[in-house]
Amino acid sequence: MKIKRSPRLVDMTQYLLSHPHKLVSLTFFVSRYESAKSSISEDLTILKEQFELSGFGRIETVAGAAGGVIYIPTMSKEDAIVEVENLIYQLEAADDRILPGGYFYLTDLLSDPDQLRKIGKIIASYYAESKATAIMTIATKGVPIAQMVALYLNIPFVIVRRDSKVTEGSTVSINYATKGTTRVEKMELTKSSLPQGSHVLVIDDFLNGGGTITGMNSMLKEFNSTCAGIAVLCESDTPDREIDFEYESLIKVQKDPSFAKGFELTLGTMFKD
């Protein structure tokens, strides 16, 4: 049954939002709505303009016989800064962020679906052109962030664990040193979870000494894979930290007992000029 323009635009919007970074042919929409190709082209012109005005992202046209359109979720740097400043305000509102051992409490933020969607879109927007084919994180705090980024980039994500599960089959295991200590830890990844030669975006919730991310970079080599980028929600503001990788953070955390709440938060490296 042929569908009129108004309901067609609604359905087309929902389809594109649900399938980011996927090439969708005009023929698909012609068949789906039993409409002329010229009508579908007009619809996409309307959506392209409205998506950009509404901050959904952009719709790109790919020419040629195998062409079509691709929806790419994006967020402007200005809007991203506003969202991260709101995150900082929420984090600073609590009095008990600093836990025994110097750990920074983030569980309430990482269990909030609305905040996770914003964090995921900010990171996915920043790495929209990275050509990443997979996302890697380590259990457990990095999982919800990685899942949201994977949703917006429309790529799979894999979870590195510190101990293997029987249900996951055979694994690749590596040892890595915890930065700032002499302790050696182990991480494992299921052999079948990451294809050889992947281009992987590494995600974590907090960067302190950098040992965990160094370990994940070593894990990538075991799969003959490359790093598309490294993103963390928060990082400790440690000027003398020695790391051998580049990364981007949303928030910097400076811990100092002299501060009113024991810490101070500022925008991370993702927003540097």
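## Chatting through salt bridges and surface

Q: Which residue does aspartate 114 form a salt bridge with?
A: Aspartate 114 pairs with lysine 118, and their closest N and O atoms are 3.3 Å apart. A salt bridge here means a side-chain nitrogen of Lys or Arg within 4 Å of a carboxyl oxygen of Asp or Glu.

Q: Is this a model or what?
A: Yep, it's a predicted model: local features need pLDDT of at least 70, side-chain atom pairs count only at pLDDT 80 or more, and totals for chains, interfaces and linings use all residues. Residues are numbered from 1 along each chain as its sequence is written, and side-chain values use heavy atoms, with hydrogens and water left out.

Q: OK, back to that pair. How many residues apart are aspartate 114 and lysine 118 in helix α6?
A: They're 4 residues apart, so about one helical turn separates them. Helices (H or I, at least four residues) and strands (E, at least two) are DSSP runs, numbered from the N terminus.

Q: Is lysine 118 buried or exposed?
A: In between: lysine 118 is partly exposed, with a relative accessible area of 24%. Aspartate 114 is partly exposed too, at 35%. Buried means under 20% relative accessible area, exposed means over 50%, and partly exposed is in between (1.4 Å probe, protein chains only).

Q: What about glutamate 83, which side chain does that one meet?
A: Glutamate 83 meets lysine 118 in a salt bridge, at 3.5 Å from N to O. Glutamate 83 lies in helix α4 and lysine 118 in helix α6 (residues 113-126), so the pair ties together parts that are 35 residues apart in sequence.

Q: How many salt bridges does the structure hold?
A: It holds 15. One of them joins glutamate 60 and arginine 58, with the closest N and O atoms 2.6 Å apart. There's also a network linking Arg5, Arg8, Glu42 and Asp43.

Q: New topic. Which residues make the nonpolar surface patch?
A: Leu99, Tyr103 and Tyr105 make it, and it covers about 300 Å². Patch residues have over 30% relative accessible area and no salt bridge; like charges are joined within 9 Å, and nonpolar side chains (Val, Leu, Ile, Met, Phe, Trp, Tyr) within 5 Å. The areas come from the Shrake-Rupley method with a 1.4 Å probe, and for residues only the protein chains shown count as cover.

Q: Where is tyrosine 103 found?
A: In the loop between α4 (77-92) and α5 (107-110). Tyrosine 103 is exposed, at 59% relative accessible area.
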